[in-house]
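Me: Could you take a close look at one part of this model for me, the sheet in the second chain, and walk me through how it is put together? I'd like one connected account that I can follow with the structure open.

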Amino acid sequence: MKQGFRQQLPRAFGRENVQWLSGVAVGAVLWILLYRNLEWFASLSLYFSGITRANRFGEALYFFLYEVPKVLLLLTAVVFLMGVVHTFISAERTRALLSGRRTGVGNVMAATLGIVTPFCSCSAVPLFIGFLQAGVPLGVTFSFLIAAPMINEVALALLFGMFGWKVALLYSAMGIAVAIVAGMIIGKLQMERFLEEWVQKLQERVITPEVEGEVMSIHLRLREGLHHVRDIVGKVWLYIVLGVGLGAGIHGYVPENFMASLMGKSVWWSVPVAVLIGVPMYSNAAGILPVVEALLGKGAALGTVMAFMMSVIALSAPEMIILRKVLKPRLIAVFAGVVAAGIMLVGFVFNLVL
Amino acid sequence: MKKVKILGSGCATCNQLVEAVKAVIAAEGINASVEKVEDIQQIMAYNVISTPALVVDEQVLCKGRVPSREEIKELLMAKPQGCCGSHGTKSSGGGSGCCC
């Protein structure tokens, strides 16, 4: 069967690939044109609606008209690229790469692969067990499980679009660091006996991970990218409109330093409090963004807000309940504790450095 | 009669796949039974690490995403030999399907 597929390949390569590649090229040119002229478009639409930027409302509206398309464009580009990347690396392939890796190298690889591997928190449990069965060490598995949800394309695109590439890069670097260190600590603690009994038994029946050699022509990969865009952007665009709208709206109505006394740099306890509130909360990156935008706009410190965002995305009460099927309470507590502590540290470092 | 199983922990995406499969079966008049497998130990028995997964006559045909209706149709109608096996090898579309 595989051979038949290969024979079909040269034929498939001709027309369809060319069509798709030129389609993507045209799309990229349009994208750049749009992205470069966002200010012009915003001014133009403002001009036609007869509103001037002179007053507060006009300024807020301009901000909204400029920012929403910008963030949506960035999101589309990043999600498309990630959709294509996902066709190269499946959970199975990642598992094979991580199988038998030692603490250290394994954790670094796991955290990095966590960013690019398609991951859905619903399959966290099968993935967790599948990794252990294939000889991926417990700590390395945790590094993957921490990084995968925390550093995702939506979070990156939104941070990049709204706060600049430096913040996005800092968030990723800190996220990877937390995932690596937390995984290494869990690995060092040798907590294998705090897996549920039936999982420990499964582990004895070690399987060798097999990876199918994937033959996939370019146009199918590009099509997956497009599907990914439709899925993700279709799901989160409303949050972005709301988030930016809130950011634009509050400028006029809430005093500028409203949050500074509560979540400013000088308030040391705001970081742990933000993390404690964020841990049980469940939201995706897009859903939490309006809050982040509002807090930052009103004088909350970046480190505090970043720690809050990380803890909301990385840990949640529903996830703990799902993981309870395979982990005993003690291991769940250690997992949540180590990750939360790491995130707090990130918050403090951010507040000190920036 | 074909035995169709959908493996998944019961999240939104898994339910999407169940609905899609049922719709295709009804529309095409395929003689098949549909069963939802939510028990994690049973799911692991298929060596599946990304859900939802579509199993026809005990063969895992597709995992980690929700295939399009046409693709489901092809998979259900095809001779039992397995086909899209890995992530999108024979993909004719469908979302890459993360749910949450």
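Reply: Let's begin with contacts in chain B between residues at least 6 apart in sequence: 60% of them join residues at least 24 apart. Please keep in mind that this is a predicted model. Chain B has 100 residues, of which 47% count as buried. Its 3 helices and 6 strands follow one another from the N terminus as β-α-β-α-β-β-β-α-β.

Now to the sheet itself. Chain B has an open sheet of 4 strands in the order 2-1-3-4, and the pairing is mixed. At its edges stand strand 2 (32-37) and strand 4 (59-63) of chain B; each has a single partner strand, so one side of each is left without a neighbour in the sheet. From one strand to the next, the twist averages 20°. As a reminder, strands of a sheet pair through backbone hydrogen bonds, either parallel or antiparallel.

Follow the order inwards and you come to strand 1 (residues 2-7) of chain B, which pairs with strand 3 (residues 53-56) of chain B in the antiparallel sense over 4 bridges. A handy place to find this pairing on your screen is Lys5(B), which stands opposite Val55(B) in strand 3 of chain B. Against the sheet packs helix 3 (residues 69-77) of chain B, touching strand 1, strand 2, strand 3 and strand 4 of chain B. The direction of helix 3 of chain B makes about 30° with that of strand 3 of chain B.

Strand 3 of chain B also pairs with strand 4 of chain B, again in the antiparallel sense and over 4 bridges. Here Leu54(B) stands opposite Cys62(B) in strand 4 of chain B. Strand 3 and strand 4 of chain B form a hairpin with 2 residues between the strands, and in this hairpin Asp57(B) takes a positive phi near 50°.

Leu54(B) deserves a second look, as it also takes us beyond the sheet. The largest nonpolar core has 127 residues, and Leu54(B) is among those with the most contacts inside it, along with Ile146(A), Ala147(A), Leu158(A), Ala307(A) and Val339(A). The largest share of this core, 12 residues, comes from helix 10 (residues 165-188) of chain A. In soluble globular proteins, nonpolar side chains tend to be buried together.

Notes
Residues are numbered from 1 along each chain as its sequence is written. Chains are lettered from A and ligands numbered from 1 in the order in which they are written. This is a predicted model: local features need pLDDT of at least 70, side-chain atom pairs count only at pLDDT 80 or more; totals for chains, interfaces and linings use all residues. Two strands pair if DSSP finds at least two bridges between them. Axes are lines fitted to C-alpha atoms, for helices over the stretch in contact, and angles run from 0 to 180 degrees between N-to-C directions. Two residues are in contact if their C-beta atoms, placed from the backbone, lie within 7 Å. A residue is buried if 20 or more other C-beta atoms lie within 10 Å of its own, exposed if 12 or fewer, and partly exposed in between; C-beta atoms are placed from the backbone. A nonpolar core is a set of buried Ala, Val, Leu, Ile, Met, Phe, Trp, Tyr and Cys residues joined through C-beta atoms within 7 Å.
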